[in-house]
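Dear colleague,

I am passing a structure on to you, since you will be working with it from here. Please open it first, and then read the notes below alongside it.

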Amino acid sequence: MKKSLYRTIVCIPLIIFALTGCVRQKSDVGNDENALVYTITTEPDHLDPFMAASADSRYVMFNVFEGLLKPMPDGSLMPAVAESYQTNDDYTEYTFILRDILFHNGQKVTADDVVYSINQAVAYKMNGMDAVRSATASDERTVVIKLTASDSEFYYNLTTAIVPAEYENLNTHPIGTGPFKFSSFTPQQELVLVKNDSYWQDGLPKIDKIIFKIKADFKVALLDLQAGSANSGFFDATSALQVDVNRFDVVYDNSNSVQMLALNNAFEPFQDIRVRQAFCYALDIDEIIQLAHNGHAVRAASPVIPGLKKMYNTDLDSLYSVDLERAKELLSESGYVDGFELTITVPSSYQMHIDTAQIIVNQLARIGVTARIQQVDWSSWLSDVYQGRRYEATVISVDGTTLSPRSYLARYVSDSPSNFINYNNPEYDRLFAQVLEAGKEDTHMLLYKELQKIISHDAGAVFICDMAVPKIYKKGIKGYISYPLYIFDAAPIYFE
């Protein structure tokens, strides 16, 4: 292997939040005075990173697992389990040199562990990993990944978790290399993570423990916060208006996911593009943003978040505007002159989606569609709606698993197991296949924008917004940073 044939990416050590004048409490792991008690309203569907389907699982377990690379707040990637990496000129081969680090169980991370993890990601058809031809260990600290075709964006997929080879208890006792170690999980109650004292990044984490308290809904979570049995949490816009600003700080961050009225394209009325387009003309997105999100949201007219500025197709923002007469015409042309009845299934743990659905019910009534809301628990939503596709419509936010638009768009390929809206357009499939064949990122950008145009014109779903989701922290909790991904990073958080 000639070094001259490779572009080398140099690892520069990252220093996060150099703190001055900060006194940390000297407490052991069992002392909850140095614990972040963070409320969530949905529990992880799997602790095994290769099995997890929900964004909320990734949100929490970001603190436990790391990939060869990890995302940064500015949207870049930094080496994590890898110390450095390089790729050949045509982007068909990536070579990684590993850090000298330990798993949470004290076992040294080796190239065999990385090869095993990459192969697991391929076997479980994780996003982008179908491009892998082979992953091999050339020595204990070097891994070579060869691709089936040139792909300059492949490194975005390498945030996938690295775990010990042949370890079979990931769902009951997950082991990674992240800043926090798994301690315990009590379903419907709490998930506890403790500080990884052997973490490779100096000075992190800054707290001893995270207790993710699982609450039925935001109202119950808010009671915990106000009573002092929690000191932080993920909330909705309504809850954020009810907290005492003298006791709590409210931080608004984009969710980095696209809220949508997802339409099951296999449901008879939605098999007709005119019905789906009628819904796009009927919904007043500005009204939804103001009423359901108190104005804290950014219009998202495609499956890609506007935060990915280079790749988001801004032309689509004006594709549909409120036009009730046009919506009625389209329904009439498709044979639904008197409208039809519709059930919108919504997970009960997400008040912002329930609020959005209620507004949508009122807006659809203007064009003669009679909609009702069916609230279900999170596990039922995952099994019946997301996996079983047994629904008519739903309100949900869908995130991307990586910093590439590809992870937002891949799910809408007709045969994707994640295509829960049953979208099917051969032209979309053909163009997405071109993305996989195009090696250069500038070509990708054009294709990504065209893919967004196709699915938005087809009204595969009604894409609504990227919500700004409030996180609430007790005064004195500092260090929170945001990412252009739906993740929660507790490592830099500290108590003033």
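**What was found**

Pro205 is found in the loop that runs between β10 (190-195) and β11 (209-214). Please keep in mind throughout that this is a predicted model. The peptide bond leading from Leu204 into Pro205 is cis, with an omega near -5 degrees. A second backbone feature is at Asn294, which has a positive phi of about 50 degrees although it is not a glycine, and which lies in the loop between α6 and β15 (297-299). Both features are worth pointing out because most residues other than glycine have a negative phi, and most peptide bonds are trans.

Two helix pairs come next. Helix α5 (residues 273-282) packs with helix α7 (residues 324-333) at an angle of about 165 degrees, and their axes are 8 Å apart. Because angles over 145 degrees count as roughly antiparallel, α5 is described as roughly antiparallel to α7. The crossing in which α5 passes α7 is left-handed. On the α5 side, the contact is made by Arg274, Val275, Gln277, Ala278, Tyr281 and Ala282, while α7 contributes Leu324, Arg326, Ala327, Leu330, Leu331 and Glu333. Sorted by character, the residues of this contact between α5 and α7 comprise eight nonpolar, one polar and three charged.

In the other pair, helix α6 (residues 285-293) and helix α8 (residues 351-365) pack at an angle of about 135 degrees, with axes that are 9 Å apart, and α6 and α8 are therefore oblique to each other. The crossing of α6 and α8 is right-handed. From α6, the residues that make the contact are Glu287, Ile288, Leu291, Ala292 and His293, and from α8 they are Met352, Asp355, Thr356, Ile359, Ile360 and Gln363. The residues of the contact of α6 with α8 divide into six nonpolar, three polar and two charged.

Finally, there are the aromatic side chains, where the structure holds 31 aromatic pairs. One aromatic cluster is formed by Tyr38, Tyr59, Phe212, Phe218, Phe234, Phe235, Tyr473, Tyr480, Tyr486 and Phe488. As for the ring of Trp200, which residue lies over its face? That residue is Arg99, at 3.9 Å from the ring centre.

With best wishes

Key:
Residues numbered from 1 in each chain as written. Predicted model: local features only at pLDDT ≥ 70, side-chain atom pairs only at ≥ 80, totals over all residues. Heavy atoms only, no water. Axes fitted to C-alpha atoms, helices over the stretch in contact; angles between N-to-C directions. Helix = DSSP H or I, 4+ residues; strand = E, 2+ residues; numbered from the N terminus. Parallel < 35°, antiparallel > 145°, perpendicular 65-115°, else oblique. Left-handed = near helix turned anticlockwise from the far one by under 90°. Contact = heavy atoms within 4.5 Å. Nonpolar A, V, L, I, M, F, W, Y, C, P; charged D, E, K, R; others polar. Phe/Tyr/Trp six-rings, centres within 6.5 Å; stacked < 30°, edge-to-face > 60°. Lys NZ or Arg CZ within 6 Å of the ring centre and 35° of its normal.
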